[in-house]
Amino acid sequence: MNGLFVVNKPVSWSSFDIVKLIRKIIGIKKIGHTGTLDKEASGVLLICTEKATKLVEKFMDKEKEYEVEGKLGEKTDTDDASGKVIEKKTIGNIPLNNFKRVIGEFVGEIYQIPPMYSAIKVDGKRLYKIARSGKTIKRKPRKVFVKSIDLLSYSLPYFKLKVVCGKGFYIRALVRDIGDRLGVGAYTKNLVRTRIGEYTLHDALTIDELRNRDKIISKYIPLDKT
């Protein structure tokens, strides 16, 4: 089976948990995902099998779409709801126009400092492993691209955005930086990846379907159709 599976990864599952489950159900050894989705996030995850695993970079380069809910006034050590609150501020009244202006500043080619809790390697060590040891190190800003940010809802202290971006972009870092730009801090409360390239949640296998071999096979996408 040289091809692709589109999976709707649930919260609390790691990307590798999904790989292990599919490997167990369909018995394929050569299998991998095309880029980690945070354990605390849900949504579209692409799983490659056999010869398709050589094309992981092709799929990682595809445009991605997310829906994210953020909370203003608090910062956590992980930049999401799983972490420890490390800072609190009174947010007062932030006019909608001010908020829209700030999020607009993050559209286009920008530089972003990746979160400490990420899989990026620095001097051969994963950042999240360094963070778990209680340390924080300086990270170099990375050039990333944001195609668009749409405001879906705004009800202080919460806001919800739809973000379309390129490879290597961290939504948690975006929410963190929006909070910092506003001077009150923020963290990601909920995150869903709704699309990778042409593959959407509508195409995706659920966890229940992943436990059914026939259902998995029925949604298999051959390599020549990717």
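**Close-up 1. Aromatic pairs in the predicted model.** Three aromatic pairs are found when the whole structure is searched, and the structure shown here is a predicted model. One of these pairs joins Phe99 and Phe159, whose ring centres lie 5.0 Å apart and whose planes make an angle of 55 degrees, an arrangement that counts as tilted. The pair connects distant parts of the chain, since Phe99 belongs to helix 3 (residues 96-104) and Phe159 to strand 11 (residues 158-165), with the two positions 60 residues apart. Phe99 is buried, with a relative accessible area of 0%, and Phe159 is likewise buried, at 1%. Through ring pairs, Phe99 and Phe159 are joined with Tyr154 into a cluster.

**Close-up 2. The largest nonpolar core and the surroundings of Ile178.** The largest nonpolar core has 42 residues, and the members that touch the most others are Ile22, Ile47, Leu161, Val163, Phe169, Ile178 and Leu210. When neighbours within four places in sequence are left aside, Ile178 is in contact with Phe99, Val102, Ile103, Phe106 and Leu161. Another core, made up of 12 residues, lies apart from the largest one and includes Val6, Val44, Cys48 and Val56.

**Close-up 3. Two cysteines without a disulfide.** The structure holds zero disulfides. Cys48 takes part in none, and the cysteine sulfur nearest to its own, that of Cys165, is 19 Å away, whereas a disulfide would require the two sulfur atoms to be within 2.5 Å. Cys48 counts as buried, its relative accessibility being 0%. Cys165 is also in no disulfide, with the sulfur of Cys48 as the nearest cysteine sulfur, and Cys165 is buried at a relative accessible area of 2%.

**Close-up 4. Lys147 and its contacts.** Lys147 is located in strand 10, which covers residues 142-155. Not counting residues up to four places away in sequence, Lys147 touches Glu63, Val107, Val164 and Cys165, the last of these being the buried cysteine of the preceding view. With Glu63 there is a polar contact between the two side chains, at 3.3 Å. Glu209, by contrast, stands 62 residues from Lys147 along the chain, and the C-alpha atoms of these two residues are separated by 33 Å.

Note on methods
Residues are numbered from 1 along each chain as its sequence is written. This is a predicted model: local features need pLDDT of at least 70, side-chain atom pairs count only at pLDDT 80 or more; totals for chains, interfaces and linings use all residues. Side-chain values use heavy atoms; hydrogens and water are left out. A nonpolar core is a set of buried Ala, Val, Leu, Ile, Met, Phe, Trp, Tyr and Cys residues joined through side-chain atoms within 4.5 Å. Buried means under 20% relative accessible area, exposed over 50%, partly exposed in between (1.4 Å probe, protein chains only). Contact means heavy atoms within 4.5 Å. Helices (H or I, at least four residues) and strands (E, at least two) are DSSP runs, numbered from the N terminus. A polar contact is a pair of N or O atoms within 3.5 Å; within protein, one must be able to donate a hydrogen and the other to accept it, and residues adjacent in sequence count only if both atoms are side-chain atoms. Rings of Phe, Tyr and Trp (its six-membered ring) pair if their centres lie within 6.5 Å; planes under 30 degrees apart count as stacked, over 60 as edge-to-face and the rest as tilted.
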